[in-house]
Amino acid sequence: MSVKICIDAGHYGKYNRSPAVNGYYESDMTWKLHLLQKKYLEEYAGVEVITTRKVQATDKTLYNRGACSRGCDLFISNHSNAVGKGINESIDYVAVYHLVDDSTTRVDDISKEIAEKLAPVIAGVMGATQGFRIVTRKSGNDRNGDGMLNDNYYGVLHGARMAETPGVILEHSFHTNTKMTLWLMNENNLAKLAKAEAEVIAAHFGLMKKRDAENAVTEYTKIAEETVATVEQMRNYLKAKNPAVAQSVLDMIPLYLSEGAAEGIRGDIAFAQSCLETGNFAFKGSAVTLDQNNFCGMGVTRRGMKGNSFGMPQLGIRAQIQHLKAYANGEPLVNPVIDPRFRYVSRGCAPYVEWLGIQENPQGRGWANGAGYGKKILAILNSITSTKA
Ligand SMILES: [Zn+2]
């Protein structure tokens with residue numbers, strides 16, 4: 001589902017100066033606020049935000065601003081209110097306006113619902129001493145009989161309504177009141193306000209923050225997937241890294257793919273892990289030797305331990321694949337278990353390569369202790385998959 005929202009800055013240029021605080025113009029405040037609302041709304045997934053005007057100094061009639069919202073799910077017009085000509089310190093409340101008609105329509109119902117959700121939140125964030133009011137106005141007050149509400153203040157909502165968009169006018173208390181004018185001149189306050197308003201709107205439409213919406217699967221590299229690298233890429237990578245690599249090692253590389261495919265595990269990830277664990281099969285300074293057919297440091301739980309041995313390369317690779325599968329998911333093994341450490345793994349605790357490192361694993365479990373263990377494997381994997389076949 002995609003939600004489209006149209007936001008309006010109530011006035012343009014230098015308009016509606018505060019009698020209480022020098023330098024405050026309603027037009028400047030609403031311009032800043034509506035851009036902040038756009039910014040915070042765009043932190044949500046599946047939302048498109050448009051504004052009624054591109055340039056602060058340019059006017060557009062009220063009706064046309066509302067009409068900009070055609071095709072949108074919500075229209076918001078931002079303001080601060082005024083009472084009389086001078087300073088009035090006692091009037092301090094948030095007002096949210098929406099239109100109603102004699103016959104209730106879906107658009108009017110949504111406008112009302114959103115008005116009722118926004119008003120108390122805005123009053124709360126602003127700390128308005130008189131709280132909030134929800135004000136309903138009749139639509140269709142067409143004095144000239146030309147289908148428009150002329151210079152009427154609510155023309156902006158009328159324009160939205162004619163475009164079949166639910167709409168609200170937000171009056172962010174009064175700029176005839178010193179306390180609230182100073183509050184609205186503080187950009188941190190405007191950010192707080194815009195964020196809270198975006199949260200209400202997002203909750204109404206059931207929107208999720210982008211980072212929550214992005215499934216972890218797309219961010220992390222799954223172990224139980226189809227292999228990406230080819231045998232040629234793995235061979236060429238290894239020969240480049242270790243020109244003295246044993247022919248027996250080059251010959252056994254296809255086993256990573258066949259053993260991986262048998263269990264639904266990425267064989268190229270297992271191979272990249274072997275490159276890391278054996279120093280590109282040079283076994284330099286390694287506790288394990290080539291003849292053990294142990295290519296992943298299996299059973300080397302302490303420095304200097306010799307680790308497990310396997311009768312032939314295929315079995316060593318199979319044990320490694322089985323061990324990866326133990327971490328990747330809870331699926332049963334296809335081949336009989338030969339991994340001597342299979343039973344020690346909390347099944348499925350590391351579905352992603354990134355989580356194979358204990359320090360990065362959310363449960364504090366994993367294959368290895370060293371920081372960034374999974375990232376090291378992925379760096380090798382990336383080199384392999386970008387190697388020419
Ligand atoms: Zn206004």
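**Exercise 1. Find which residues have the most contacts inside the largest nonpolar core, and which helices feed it.**

*Step 1.* Start with the term: a nonpolar core is a set of buried Ala, Val, Leu, Ile, Met, Phe, Trp, Tyr and Cys residues joined through side-chain atoms within 4.5 Å. Buried means under 20% relative accessible area, exposed over 50%, and partly exposed in between, with a 1.4 Å probe and protein chains only.

*Step 2.* The largest such core has 49 residues, and those with the most contacts inside it are Leu238, Tyr256, Phe271, Phe281, Leu356, Trp367 and Ile384.

*Step 3.* Now the helices: α9, α10, α11 (267-278), α12 (313-328) and α13 (373-385) each supply at least two residues of this core. The biggest giver is α12, with 7 residues. Helices (H or I, at least four residues) and strands (E, at least two) are DSSP runs, numbered from the N terminus.

*Step 4.* A second, separate core has 40 residues, among them Val94, Ala123, Leu193 and Val200.

A word on the model: it's a predicted one, where local features need pLDDT of at least 70 and side-chain atom pairs count only at pLDDT 80 or more, while totals for chains, interfaces and linings use all residues. Residues are numbered from 1 along each chain as its sequence is written, and side-chain values use heavy atoms, with hydrogens and water left out.

**Exercise 2. Work out what surrounds Leu238 and Leu193.**

*Step 1.* Contact means heavy atoms within 4.5 Å. Skip neighbours within four places in sequence, and Leu238 is in contact with Val245, Val249, Leu250, Ile253, Phe271, Cys275, Asn280 and Phe281.

*Step 2.* Over in helix α6 (residues 187-205) you'll find Leu193. Leu193 counts as buried because its relative accessibility is 0%.

*Step 3.* With residues up to four places away left out, Leu193 touches Leu33, Ile122, Val125, Met126, His172, Trp183 and Leu184.

**Exercise 3. Trace the aromatic pairs that involve Phe271.**

*Step 1.* Here's the rule: rings of Phe, Tyr and Trp (its six-membered ring) pair if their centres lie within 6.5 Å; planes under 30 degrees apart count as stacked, over 60 as edge-to-face and the rest as tilted. That gives 9 aromatic pairs.

*Step 2.* Tyr256 and Phe271 pair edge-to-face, at 5.4 Å centre to centre with 80° between the planes. This pair links distant parts of the chain, with Tyr256 in helix α10 and Phe271 in helix α11, 15 residues apart.

*Step 3.* Phe271 and Phe281 are stacked instead, at 5.9 Å centre to centre and 20° between the planes. Phe281 is in the loop between α11 and α12, 10 residues from Phe271.

*Step 4.* Put it together: Tyr256, Phe271, Phe281, Phe283 and Phe295 form one aromatic cluster.

**Exercise 4. Identify the zinc donors and say what they tie together.**

*Step 1.* Donors are N, O and S atoms within 2.8 Å of the metal (3.2 Å for Na, K and Ca); water is not among the atoms, so sites may look incomplete.

*Step 2.* His11 (NE2), Glu26 (OE) and His79 (ND1) coordinate the zinc ion at 2.0 to 2.1 Å. Along the chain, the donors follow the spacing H-x14-E-x52-H.

*Step 3.* His11 lies in the loop between β1 (3-9) and α1 (26-41) and His79 in strand β3 (residues 74-81), so the pair ties together parts that are 68 residues apart in sequence. Both His11 and His79 are buried.
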